[in-house]
Amino acid sequence: MYSVLSGFFASGASLCGKFAMGAEETLWLCEVVSHQISHSSSLYAINGFPACKNFVLYIRVCFCGLMLLFNVVMWTTFVKALRHSTTSLEATVTNTAANFFFTAIFGQVLFGEFLTLMWWIGTLLIIFGLLMMHKGNQQAAILAKKQRKRK
């Protein structure tokens, strides 16, 4: 569970990094949020939201701070995942797969990126490999318990 959570935080860090380093993406996000706020309240929409151009630098600095925060939380949960996993490989692969999966979902939902059938097949193979690895670790743990009981 901690491995999946740390993968989620890693993808959140990469998302914040995209907004922190890309002025165009940050301007787009500001305009979308400003548009939503102006339509949800009684404020009138300003054509093009010129105020966003003035705040892009500040927003990017905030996203840089969020990226650092997400990375700190990711490493904290990843260390917990390492402590609770039977092997470091299990925690690492699960973290990487979760990061890969959540990053793709964020890219598709927020940026309209297109994911091919080949990508989905690859993702399913990764998940299948993770399931096999977890099953193997469970069986190894059961065998180890039986051997300790015999001694």
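Here is a short walk through this predicted model, from the overall fold to two residues in their surroundings.

Let's begin with the whole chain. The protein chain is built from five helices, with zero strands, so reading from the N terminus gives the order α-α-α-α-α under the usual assignment of helices and strands. Of its 151 residues, 27% are buried. The accessible surface amounts to about 10400 Å², and carbon and sulfur atoms account for 70% of that area. Contacts reach far along the sequence too: taking pairs of residues at least 6 apart, 71% of the contacts join residues at least 24 apart.

For a view of the interior, turn to F78. This residue sits in helix α3, which covers residues 50-84. F78 counts as buried because its relative accessible area is 11%, and the cut-off for buried is under 20%. Which residues does F78 touch, once neighbours within four places in sequence are left aside? They are S6, A91, T92 and N95. The chain start also comes into view here: Y2 lies 76 residues from F78 along the chain, yet their C-alpha atoms are separated by 6.4 Å.

Now move to the other setting, the surface. R150 belongs to helix α5, spanning residues 117-150. With a relative accessible area of 71%, R150 is exposed, since the term applies over 50%. R150 also has company: together with K145, K146, R148 and K149, it forms a patch of positive charge on the surface.

Side by side, then, F78 in helix α3 is buried, whereas R150 in helix α5 is exposed.

Terms used: Residues numbered from 1 in each chain as written. Predicted model: local features only at pLDDT ≥ 70, side-chain atom pairs only at ≥ 80, totals over all residues. Heavy atoms only, no water. Patch = residues over 30% accessible without salt bridge, like charges linked within 9 Å, V, L, I, M, F, W, Y side chains within 5 Å. Areas by Shrake-Rupley, 256 points an atom, 1.4 Å probe, with all protein chains shown as cover. Salt bridge = Lys/Arg side-chain N within 4 Å of Asp/Glu carboxyl O. Lys, Arg positive; Asp, Glu negative; His and termini not counted. Charge placed at Lys NZ, Arg CZ, Asp CG, Glu CD. Helix = DSSP H or I, 4+ residues; strand = E, 2+ residues; numbered from the N terminus. Buried < 20%, exposed > 50% of the residue type's maximum accessible area, 1.4 Å probe, protein only. Contact = heavy atoms within 4.5 Å.
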